[in-house]
Amino acid sequence: MSIDRFGLGDWWPRPKQAAAGALDHLPTDQWPVLAAKWLAAGFDSQPLRQLAQLQTGESPASRRADRRSSSRRGGGWAQPVGLGQPLPAEAQRLQRRQRAALDSMELMPEVLRSLGFDPAPANEEFVARCQKALDIVQHDLDATGYGRYQMRARFGGGWPSSVHAALPDGSYWGGGGGMSREMEGSWLLACAADSVSTTLKEIPEIEWPVCTVHGGHPTSIWAGNDPVDLIKKVAWWRCTNTGHPLAPVGLLTAETARTL
Ligand SMILES: [Zn+2]
């Protein structure tokens, strides 16, 4: 892959592709560079210029700012105890890059709308697809007496953008990866099932589903086997205690899993 003067490879998403989800393939720290490319390609708007100007921690201007702030720090500030040590340069750069990434994520939807490409419809379609998968998992919750946990697909944002199974009050566990845009079929269903199980485990701290024969993990709900897996391209629930297959996702019964 050749790298051009912008530091991006041969392929870079146009605004229309970006609004349809292609940004999931391009890390956020490259979005300001992408914005510069869009400007060079003839797109223009105030938010686009703002995004193109975001500091990534590598520009000469930010290095100058660094020197200024460290000389100020050396000038005898009365600093709170424990905060007296300036951050090492590497940590400062990292912090700036993280801030730039967050700013980029916040700004990008506005940039796309300003260019006439609204990212909302593609995101709504993504969430609706995930909800369909969650509806299949909901059969299993209902069949085992957990029907009061009505799972809703919730857009988690971030990069790459992800959707998670949320409880009726909107809470969810975002640490498990969730569902991403390129998933479909059994893979999406397995991740929907995993997201439901993970949210139940981490928020109300319930282990679900639990094998009728072996029960859950004997010491802790956080110690068992993964509850879901793809077996011959089919999403299956597994016994968290011993790992054997329980039932395909969507076909759980009171005979195979414990009920409330
Ligand atoms: Zn079992």
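**Notebook: strands, helix H6 and the cores**

I began with the strands and noted that E1 and E2 pair in the antiparallel sense over 5 bridges, where pairing requires that DSSP finds at least two bridges between the two strands. Before going on I wrote down that this is a predicted model, in which local features need pLDDT of at least 70 and side-chain atom pairs count only at pLDDT 80 or more, while totals for chains, interfaces and linings use all residues. Residues are numbered from 1 along each chain as its sequence is written. The element names come from DSSP runs numbered from the N terminus, with at least four residues (H or I) for a helix and at least two (E) for a strand.

I then looked at the connection between the two strands: E1 and E2 form a hairpin with 4 residues between them, and glycine 158 in the turn has a positive phi of about 70°. Proline 160 sits in the loop between E1 and E2, and the peptide bond leading to it from tryptophan 159 is cis, with omega near -15°. Across the pair, phenylalanine 155 stands opposite valine 163 in E2.

From valine 163 I moved to arginine 181, because 8.5 Å separates their C-alpha atoms although the two residues are 18 apart along the chain. Arginine 181 lies in the loop between strand E3 (179–180) and H7. Is arginine 181 buried or exposed? It counts as buried, since I find 22 C-beta neighbours inside 10 Å; the cut-offs are 20 or more other C-beta atoms within 10 Å for buried, 12 or fewer for exposed, and partly exposed in between, with C-beta atoms placed from the backbone. Leaving out residues up to four places away in sequence, arginine 181 touches Gly21, Asp24, Phe126, Pro160 and Ser161, contact being taken as C-beta atoms, placed from the backbone, within 7 Å.

Next I followed helix H6, which has 24 residues and reaches 34 Å from its first C-alpha to its last, close to the 34 Å expected at 1.5 Å a residue; the expected span is 1.5 Å times one less than the number of residues. H6 bends by about 25° at isoleucine 136, the bend being the angle between axes fitted to the seven residues ending there and the seven starting there. Among the buried residues of H6 I listed Phe126, Leu134, Val137 and Leu141, and what covers the buried residues includes strand E1 (152–157), E2, E3 and H7. Just after H6, glycine 145 takes a positive phi of about 85°.

I then looked up the largest nonpolar core, a set of buried Ala, Val, Leu, Ile, Met, Phe, Trp, Tyr and Cys residues joined through C-beta atoms within 7 Å. It has 36 residues, of which Leu134, Val137, Ala192, Ala193 and Val249 touch the most other members. The elements giving two or more residues to this core are helix H6 (120–143), strand E2 (162–166), helix H7 (185–202) and strand E5 (234–238), and H7 gives the most, with 8 residues. Outside four places in sequence, valine 137 is in contact with Met151, Ala192, Ala193, Val196 and Val249. I also noted a second, separate core of 12 residues, which includes Ala18, Ala35, Trp38 and Met108.

Last, I checked the backbone in two loops. In the loop between H7 and strand E4 (228–231) I found proline 209, and the peptide bond to it from tryptophan 208 is cis, with omega near -10°. Glutamate 205 is found in the loop between H7 and E4, and has a positive phi of about 60° although it is not a glycine. Lysine 233, in the loop between E4 and E5, has a positive phi of about 65° and is not a glycine either; lysine 233 is exposed, with 9 other C-beta atoms within 10 Å.

Terms used. Two residues are in contact if their C-beta atoms, placed from the backbone, lie within 7 Å.
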